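User: I'm new to this structure and would love a close look at one part of it. Could you pick a place where two helices pack against each other and walk me through what is there?

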Amino acid sequence: MPKFEYAPAPESRSIVNLRESYGLFIDGAFTDTADGRVFKTISPATEEVLAEVTEAGPSDVDRAVTAARKAYEQTWSRLPGKERAKYLFRIARLVQERSRELAVLESLNNGKPIKESRDVDIPLVAAHFFYHAGWADKLEFAGYGSSPGPIGVAGQIIPWNFPLLMLAWKIAPALACGNTVVLKPAETTPLTALAFAEICQQADLPPGVVNIITGAGETGRALVEHPGIDKVAFTGSTEVGKQIARACRRMHRRNTLELGGKAANIVFEDAPMDQAVEGIVNGIFFNQGHVCCAGSRLLVQESVYDEVIASLRRRLVTLRLGDPLDKNTDVGAINSAAQLAKIRELSDLGEAEGAERWSPPCELPARGFWFPPTIFTGVAQAHRIAREEIFGPVLSVLTFRTPAEAVEKANNTPYGLSAGVWTEKGSLILWMASRLRAGVVWANTFNRFDPASPFGGYKESGYGREGGRHGLEAYLDV
Amino acid sequence: MSITLEGARDLRGFLHGLPGVDRVGAEARAAMLAGRSIKTTAKQWALDLAISMIDLTTLEGQDTPGKVRALCAKARQPDPADPTAPRVAAICVYSDLARVAAQELTGTGIHVASVATSFPSGRASLDVKLADVRYAIAEGADEVDMVIDRGAFLAGNYDLVYSEIVAVKEACAAAGGGGAHLKVILETGELATYDNVRRASWLAMLAGADFIKTSTGKVSPAATLPVTMVMLEAVRDFREAHGRQVGVKPAGGIRTAKDAIRYLVLVNETAGEDWLDPDWFRLGASSLLNDLLMQRTKMKTGHYEGPDYFTLD
């Protein structure tokens, strides 16, 4: 038994007022479905049913798009930028005011540790709205001509790994640029998006500017293929992204895609070792590895391999896995049974391919979906666990000898979303960054986000950028 | 980490070959650990442990035998209303008052620590510094808190810093009863960078320090969480390389129970639980003790007592 046993320190759930069931948020009000059905949404940590939500049918999608179109033509696109900005500032402030509630709700429905939803997700949500509120009346200075106009109605589909943050990445720039939106949150994590609908009401946002329709793949397909939308923005798996890209091409429809990744986190022999180990941990175990830009491939210079692995193992023993609402939890629950099955399948495959699997001693809760932090050593580029996105707390460790080899291996993937470089040598950081084909290259850090910094991928990681000046382009008619 | 001095041609080469510390990353890690939530039973345990780790300190020009006697009484019985409150680890005074403290603490198991080597600046000849150490030991100190020559360290004269510590260590070893325990104060507030903190930690440990200590308390900033974390990483790595465990003592600026518990979490998750013991971790402080006692009473009775219910030393 450990000497210093941290007593449970759960964040209270009482701040969250869940309704028994939720309708669809269309034209500024919650409405029942016309042709869909209802389904239950759960807490992945306990499998407890949290609420009933609605799966929107085709006519619901149609109503939402119609409402968005009307709002676009009659109000939102006609409002001066400085007026749009006021709404966005108001939303940002409301997110801050309700931050504790939103954090608890996010952790309940997603399974991520409260520490992360409280300190990372929700503050970034507010930051995205604040940042884009600032752009709304300055778009003519964004570098896209003297009077860049909006596109129209955006259909937006977001994933379950950062439910409210991905909503903010989609809605904030769209609204700042004068577009209206129909957004579909992920099937397993609809609750914070529905809380956001309430925030839109609180902010007196004109009806129809934001419409939120819950549902699964079919609802998403109906949205993507609806003739009334002008643009599709999608964040999710590469597989679904390809289907959406094909549909959009067929319909001559604009689209931006932010898809999977298999990022290399590259540790040189002269790295600040303790911080590099933290960066490896943060790169792959942050949010249970449910991060498209996760540092899932660790490339270690062979000369420090033993030392890095020993330090990493020692560090992993201190990771605290368990109740997402406990303030001391570092690693929470896997988001769904389906995702857990996928992680298990790929991990078993890694073993079968001959890689060595290691996890720290750690007890998994009996109920819910859980997977221990896992490291695979002895991984080669030829292994599937070095190539395929696992989207879980599983790290594949490879080695390299020279900077050139590190670049070669890092780029040898169908993806290109992010990369990390760890060295005390500034010139090597720049040399690497100019050669790595990844949308984000972090130097001596990992998984750091800021609304002013554009985010997006190369190759199968997608196209278009979100955040920063570059991200505005996706929502402007340029 | 396989770092040993053997094989490195010189001390400078060795110290400069240690892995760097990234400031942003180190501070982020320390801040994350500071966010740990220590409640109920864990808090009770931590409060008692923190009390037992205190080096109860007075290092003022105005110190008198009367003041030191009062402090020793407090050390023996921190909370007159609750005899179950643990005793502190040591009393820390200037060398000329070590005898008073030693007399007051005879038979209690509470250590007598004396600062020495021209504390706090360390600006004196080696002879004077060694005389100071011998005097402190002769007056009854069984722990010596020396300061390093920061000027020499910053000038890159590592050999000088090293040889001074070795000489003080020898003077400590010459004391009776197994020798006096040597704590080496790095005065991290004057070393400025975490790289320097790491190098000075290794230098002190290689020279024979039993403990490495952050600060004199006379320079701001004194102890901080990230500095202490870098030192805890150093003792952890040093034990792995050399098989010898060295203690850590943050000192100065630790005033609240909340602060103290943050340090214990840092110890637990950086060096590990082997260091969660007054033999291996100390808190140099004065006003901290009463806040710990106040929180302790709150945990037991469910309500806070006013400051007048806790004794001033």
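Analyst: Let's start with a crossing: in this predicted model, H9(A) passes H10(A) in a right-handed crossing. By class, the contact between H9(A) and H10(A) has 5 nonpolar, 1 polar and 1 charged residues. To find the pair in the sequence, look for residues 273-285 of chain A, which form helix H9, and residues 305-317 of chain A, which form helix H10.

How are such pairs described? Two packed helices are described by the angle between their axes and the distance between the axes. For H9(A) and H10(A), the angle is about 60 degrees and the axes lie 10 Å apart. Angles of 65 to 115 degrees would count as roughly perpendicular and those under 35 as roughly parallel, so H9(A) and H10(A) are oblique to each other.

Now for the residues that meet. On the H9(A) side they are Met273(A), Val277(A), Ile280(A) and Val281(A). Their partners in H10(A) are Ser311(A), Leu312(A) and Arg315(A).

Helix H9 of chain A also has a part in the meeting of the two chains. There, 21 residues of chain A are in contact with 24 residues of chain B. On the side of chain A that touches chain B, H9(A) gives the most, with 5 residues. That side of chain A divides by class into 7 nonpolar, 6 polar and 8 charged residues.

What lies across from it? Chain B has 13 helices and 8 strands, and its C-alpha trace spans about 60 × 45 × 30 Å along the principal axes. A compact globule of 313 residues would have a radius of gyration near 20 Å, and the 19 Å of chain B agrees with that. Of the 313 residues in chain B, 54% count as buried. Take the contacts in chain B between residues at least 6 apart in sequence: 74% of them join residues at least 24 apart.

One residue of chain B makes a handy landmark to end on. Gly17(B) sits in the loop between helix H1 (11-16) and helix H2 (23-34) of chain B. Is Gly17(B) buried or exposed? Gly17(B) has 11 other C-beta atoms within 10 Å, and a residue with 12 or fewer counts as exposed, so Gly17(B) is exposed. Along the sequence, Gly17(B) and Arg199(B) are 182 residues apart, yet in space they are 9.3 Å apart, C-alpha to C-alpha.

Key: Residues numbered from 1 in each chain as written. Chains lettered and ligands numbered in written order. Predicted model: local features only at pLDDT ≥ 70, side-chain atom pairs only at ≥ 80, totals over all residues. Helix = DSSP H or I, 4+ residues; strand = E, 2+ residues; numbered from the N terminus. Rg over C-alpha atoms; globule rule 2.2 N^0.38 Å. Buried ≥ 20, exposed ≤ 12 C-beta atoms within 10 Å, placed from the backbone. Contact = placed C-beta atoms within 7 Å. Axes fitted to C-alpha atoms, helices over the stretch in contact; angles between N-to-C directions. Parallel < 35°, antiparallel > 145°, perpendicular 65-115°, else oblique. Left-handed = near helix turned anticlockwise from the far one by under 90°. Nonpolar A, V, L, I, M, F, W, Y, C, P; charged D, E, K, R; others polar.
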